[in-house]
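Here is a quick tour of one protein chain, written for someone who likes to poke at coordinates. Have the viewer open while you read.

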Amino acid sequence: MADAGTLYCPTVATWEQLAYGAYPDYLDRLITDGILTPDGAEEIKARPTYGQPFPKHPAEECRVRFEYAMRTLPIFHEANVKLVAGSDIARVMPTPARALLRELQLFAKAGVPNSTVIASATGRAAEKVGKQAATGTVAVGSIADAVLLDADPVADISHLIDRRHVRAVVGSGHIVQR
């Protein structure tokens, strides 16, 4: 995979949600990990799809896929396979953005270095969708979408997840949130 330049996107947050999403202790874990608030958990529990099986993907099969991805992420990293962070769904997340943050958190929990975790959601993600000329890096002429933090996520990935560290969000070159 490394020799072929394969971009590997394991969607671990997707498999985790499909495997564990119907269990209240999973929502508690997401609260503890800073992905959900208690109010957000209540909103998710109120969704009509909460607790329902996902078509064609039994929870046990999803647990196997999730555990496999978590075990193999550091192996793929050590083999120099290009990792890409992404999640197909936000079934048990408040927003797709929080699902992506969970994906990054899981990469770090699996043992992928934080600098690689961040690259997986920026430059590698841009490469995966064929937009690396205009997105994924901070450069003159790039599309300016960024999250500005008051702490270093390379030192601790939780700085990216913890909303208290967000100072601004820039979308298309304009501040959209302070």
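What follows goes through a helix, the nonpolar core, the cysteines and the largest pocket.

## What you're looking at

Before anything else, keep in mind that this is a predicted model.

## Helix α3 and its two sides

Start with α3, which runs over residues 38–45. Its buried residues are G40, A41 and I44. Viewed down the axis of α3, these buried residues fall within an arc of 100 degrees, so they line one face of the helix. If you want the textbook background, an α-helix has 3.6 residues a turn, so residues three or four places apart point the same way.

Now turn α3 around: P38, D39 and E43 sit on the other side and are exposed. As for the buried residues of α3, what covers them includes α2, residues 24–32.

## The nonpolar core

The largest nonpolar core has 37 residues, and V12, L27 and F107 are the ones that touch the most other members. Several elements give two or more residues to this core: α1 (12–20), α2, α3, α4 (59–78), α5 (96–110) and α8 (158–161).

V12 is a good residue to click on. Leaving out residues up to four places away in sequence, V12 touches F66, A69, M70, L73, E103, L106 and F107. F107 thus turns up again here, as a contact of V12.

## The cysteines

How many disulfides are there? The count is zero. C9 is in no disulfide, and the nearest cysteine sulfur to it, that of C62, is 16 Å away. C62 is likewise in no disulfide, with the sulfur of C9 as its nearest cysteine sulfur, 16 Å away. A disulfide would need the two sulfur atoms within 2.5 Å, so this pair doesn't qualify.

Are these two cysteines buried or exposed? C9 counts as partly exposed because its relative accessibility is 28%. C62 has a relative accessibility of 0%, so it counts as buried.

## The largest pocket

If you're after a place to put a probe, the largest pocket holds about 1,200 Å³ of space. Its lining is made up of 32 residues, and those that lie nearest the centre are A121, T122, D145, A146 and V147.

Which elements supply at least two residues each to that lining? They are α5, α6 (114–121), β3 (146–149), α8 and β4 (166–171). Of these, α5 gives the most to the lining, with five residues. Both α5 and α8 also give two or more residues to the largest nonpolar core.

Definitions and conventions. Residues are numbered from 1 along each chain as its sequence is written. This is a predicted model: local features need pLDDT of at least 70, side-chain atom pairs count only at pLDDT 80 or more; totals for chains, interfaces and linings use all residues. Side-chain values use heavy atoms; hydrogens and water are left out. Buried means under 20% relative accessible area, exposed over 50%, partly exposed in between (1.4 Å probe, protein chains only). Helices (H or I, at least four residues) and strands (E, at least two) are DSSP runs, numbered from the N terminus. The arc is that of the directions from the helix axis to the C-beta atoms. Contact means heavy atoms within 4.5 Å. A nonpolar core is a set of buried Ala, Val, Leu, Ile, Met, Phe, Trp, Tyr and Cys residues joined through side-chain atoms within 4.5 Å. On a 1 Å grid over the protein atoms alone, a cavity is a set of points where a 1.4 Å probe fits but cannot get out, and a pocket is an open set with protein on both sides within 12 Å along at least five of seven lines; lining residues have an atom within 4 Å of a point. Grid points are joined across faces, edges and corners, and a volume is the space filled by probe spheres set on the points.
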